[in-house]
Amino acid sequence: MRRAVCPGSFDPVTNGHLDVFTRASALFDEVTVAVLINKTKKSLFTVDQRIDMLREVVAPLGNVRVDAFHGLLVDFCRDREIPAIVKGLRAVTDFDYELQMAQMNHRLSGIETLFVSTNPLYSYLSSSLVKEVATYGGDVTGLVPPLVLQQLLATLSTQEAT
Ligand code: PNS
């Protein structure tokens, strides 16, 4: 069975991420979306909320599952016999850091990293920009799945109220 992982923070998942999952799911038999548990990084959504949203949005894909991990990605992959990482490359600004991680991960365990070129529709898109725009009342419709939009607005309105 050909397996791959799509790792990330997904705080929250965007349509750019979903595009990468969809393309990975066509290339591999089983794709695991792996959410990094990072207690030191401030996030808008809890890991459980991120996982729930991811599970809903990948449900139509059939061969995509969602899991969480802490520690090294290569250890998570080794435990699950996943030999490949799939990531989206948005622009040249992503390249340096992504290449560095790909090379380090390969050095650590021999795992391969495959990059898919992000759909130009989403090349400027990131979870942090979506959160910033939505926080100040900007319209992020079409940039995140409808379910995520709903939760984003609900979470931000709760924060405003406190
Ligand atoms: O969505 P993000 O925050 O850009 O994703 C970054 C992620 C989770 C892919 C990366 O930080 C990662 O793999 N972290 C796990 C820790 C690890 O393996 N570090 C060594 C990377 S070479």
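Student: What makes the approach of the ligand to Leu73 a polar contact?

Tutor: An oxygen atom of the ligand is 2.9 Å from a polar backbone atom of Leu73. A polar contact takes a pair of N or O atoms within 3.5 Å, so 2.9 Å qualifies. Ser9 qualifies too, because a polar side-chain atom of Ser9 lies 2.6 Å from a ligand oxygen. Before we go on: this is a predicted model, where local features need pLDDT of at least 70 and side-chain atom pairs count only at pLDDT 80 or more, while totals for chains, interfaces and linings use all residues. Residues are numbered from 1 along each chain as its sequence is written, and side-chain values use heavy atoms, leaving out hydrogens and water.

Student: Which of the residues around the ligand come nearest?

Tutor: Gly8, Ser9, Gly71, Leu72 and Leu73, out of 13 around the ligand. To be near, a residue needs a heavy atom within 4 Å of the molecule.

Student: Why is the Arg50 and Asp11 pair called a salt bridge?

Tutor: Their side chains meet at 3.8 Å, N to O. The rule asks for a side-chain nitrogen of Lys or Arg within 4 Å of a carboxyl oxygen of Asp or Glu, so 3.8 Å passes. This pair links distant parts of the chain, 39 residues apart: Arg50 is in helix H2 (residues 47-58), and Asp11 in the loop between strand S1 (3-8) and helix H1 (15-27). Helices and strands here are DSSP runs numbered from the N terminus (H or I, at least four residues; E, at least two). Both partners are buried. The structure holds ten salt bridges.

Student: How do you know whether Asp94 and Arg90 are buried or partly exposed?

Tutor: Buried means under 20% relative accessible area, exposed over 50%, and partly exposed in between (1.4 Å probe, protein chains only). Asp94 has 13%, so Asp94 is buried; Arg90 has 34%, so Arg90 is partly exposed. Their side chains form a salt bridge at 3.0 Å, N to O. Elsewhere, salt bridges that share partners join Arg3, Glu30 and Arg65 into one network.

Student: What makes Phe10 and Phe21 an edge-to-face pair?

Tutor: Two numbers: 5.5 Å centre to centre, and 70° between the planes. Rings of Phe, Tyr and Trp (its six-membered ring) pair if the centres lie within 6.5 Å; planes under 30 degrees apart are stacked, over 60 edge-to-face, the rest tilted. With 5.5 Å and 70°, the pair is therefore edge-to-face. Phe10 lies in the loop between S1 and H1 and Phe21 in H1, so the pair ties together parts eleven residues apart in sequence. At 5%, Phe10 counts as buried, as does Phe21 at 1%.

Student: And why is the Phe69 and Phe76 pair called tilted?

Tutor: Their ring centres are 5.4 Å apart and their planes at 40°, so the pair is tilted. Both of these Phe residues are buried.

Student: Which residues of the largest nonpolar core touch the most other members?

Tutor: Phe21, Leu54, Val86 and Leu152, among 36 residues. Helix H2 gives the most to this core, with six residues. A nonpolar core is a set of buried Ala, Val, Leu, Ile, Met, Phe, Trp, Tyr and Cys residues joined through side-chain atoms within 4.5 Å.

Student: What does Leu54 touch?

Tutor: Phe10, Val13, Phe21, Val33, Val35 and Val66, leaving aside residues up to four places away in sequence. Contact means heavy atoms within 4.5 Å. There is also a second, separate core of ten residues, including Val5, Leu73, Cys77 and Ile111.

Notes. A polar contact is a pair of N or O atoms within 3.5 Å; within protein, one must be able to donate a hydrogen and the other to accept it, and residues adjacent in sequence count only if both atoms are side-chain atoms.
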